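Hi there,

Here is the structure I promised to pass on to you. Have a look at it first, and my notes follow below.

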Amino acid sequence: MAQLFFEYGAMSSGKSIEILKVAHNYESQGRQVLLMTPITDTRAGVGIVSSRIGLSREALAVKPEDDLFALIKGMKAADLAVVLVDEAQFLSPKQVDELAYVVDHLHIPVMTFGLKQDAFNHLFDGSKRLIELADKLEEMKTICSFCGKKATTQLRIVDGQPQRTGAQVFIGGDEAYIPTCRRHWYEPDLDKITAMFPVKK
Ligand SMILES: [Zn+2]
């Protein structure tokens, strides 16, 4: 039985390395995978799945208006063993429904990987729909940068300072994120942040 999976975690929980591993496992058995990633910056036009440990590979970039069911149906679905989606939080809710339709009508498993919530502790729209529709949810764990407990969220750092308000998708590209537990999202160790992100003078 094909299923819709959502593997979620905070920033740095190893989602991209996991997706690359799953792709490799299928391909080493001679099976075809479709790797896709939603793009928030539509100017780029290309998709890349890259992990923090340096591995990366190209992925099909999907735009918010793309119909994923039509797209996958248009490929030779009979040869396709699995659909893998990175950065799944950026899927539109409608695209999540389309992926569920792929599972139920094309009988192809779809594994999605992404953040559950944004840097302000609110669900991403794509993640919310995945939590509503997925057959199987799995949490990928990482630890808080301050206390070593499980990280449930991430804190956005801009110019060496925590940001607790702002746009869900940061435009500017100079931000960083650190995984934190709930308590340290509210009360981070500012000295440690200064040490981690020295402000350039
Ligand atoms: Zn903590």
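**What I found**

Let me start inside the fold of this predicted model. Leaving aside residues up to four places away in sequence, Met 36 touches Ala 59, Leu 60, Val 62, Leu 68, Leu 71, Ile 72, Val 83, Leu 84, Val 85 and Asp 86.

Met 36 is also one of the residues with the most contacts to other members in the largest nonpolar core, which has 23 residues. Leu 4, Ile 72, Val 83, Val 85, Leu 99 and Val 110 share that role. At least two residues of this core come from each of strand S1 (4-9), strand S2 (32-38), helix H2 (68-74), strand S5 (80-85) and helix H3 (93-106). The biggest contribution is from H3, with 5 residues. Apart from this core lies another, of 16 residues, including Ile 19, Ala 23, Tyr 26 and Ala 59. As background, nonpolar side chains in soluble globular proteins tend to be buried together.

Next, the sheet. Its 7 strands form an open sheet with mixed pairing, in the order S3-S4-S2-S5-S6-S1-S7. Strand S3 (47-50) and S7 are the edge strands; each has a single partner strand, so one side of each has no neighbour in the sheet. On average, neighbouring strands are turned by 30° against each other, direction ignored.

Within the sheet, S5 and strand S6 (residues 110-114) pair in the parallel sense over 3 bridges. Val 83 stands opposite Val 110 in S6, and both valines are among the core residues that touch the most other members. H3 lies across S1, S5 and S6, and runs at about 150° to S6.

Then there is the metal site, which may be of interest for your setup. Which atoms coordinate the zinc ion? They are SG of Cys 144, Cys 147 and Cys 181, together with ND1 of His 184, at 2.1 to 2.4 Å. The angles among the 4 donor atoms are 97 to 115°, and the site is tetrahedral. Along the sequence, the donor residues follow the spacing C-x2-C-x33-C-x2-H.

Two of these donors link distant parts of the chain: Cys 147 sits in the loop between strand S7 (136-140) and strand S8 (153-158), while His 184 belongs to helix H5 (residues 182-186), 37 residues apart. Is each of the two buried or exposed? Cys 147 counts as partly exposed because its relative accessibility is 35%, whereas His 184 is buried, at a relative accessible area of 11%.

Happy to talk it through whenever suits you.

Best wishes

Methods. Residues numbered from 1 in each chain as written. Predicted model: local features only at pLDDT ≥ 70, side-chain atom pairs only at ≥ 80, totals over all residues. Heavy atoms only, no water. Core = buried A, V, L, I, M, F, W, Y, C linked by side-chain atoms within 4.5 Å. Buried < 20%, exposed > 50% of the residue type's maximum accessible area, 1.4 Å probe, protein only. Helix = DSSP H or I, 4+ residues; strand = E, 2+ residues; numbered from the N terminus. Contact = heavy atoms within 4.5 Å. Donors = N, O, S within 2.8 Å, 3.2 Å for Na, K, Ca; no water. Tetrahedral: all angles 85-135°; square planar, octahedral: opposite > 155°, others 65-115°. Pairing = 2+ DSSP bridges. Axes fitted to C-alpha atoms, helices over the stretch in contact; angles between N-to-C directions.
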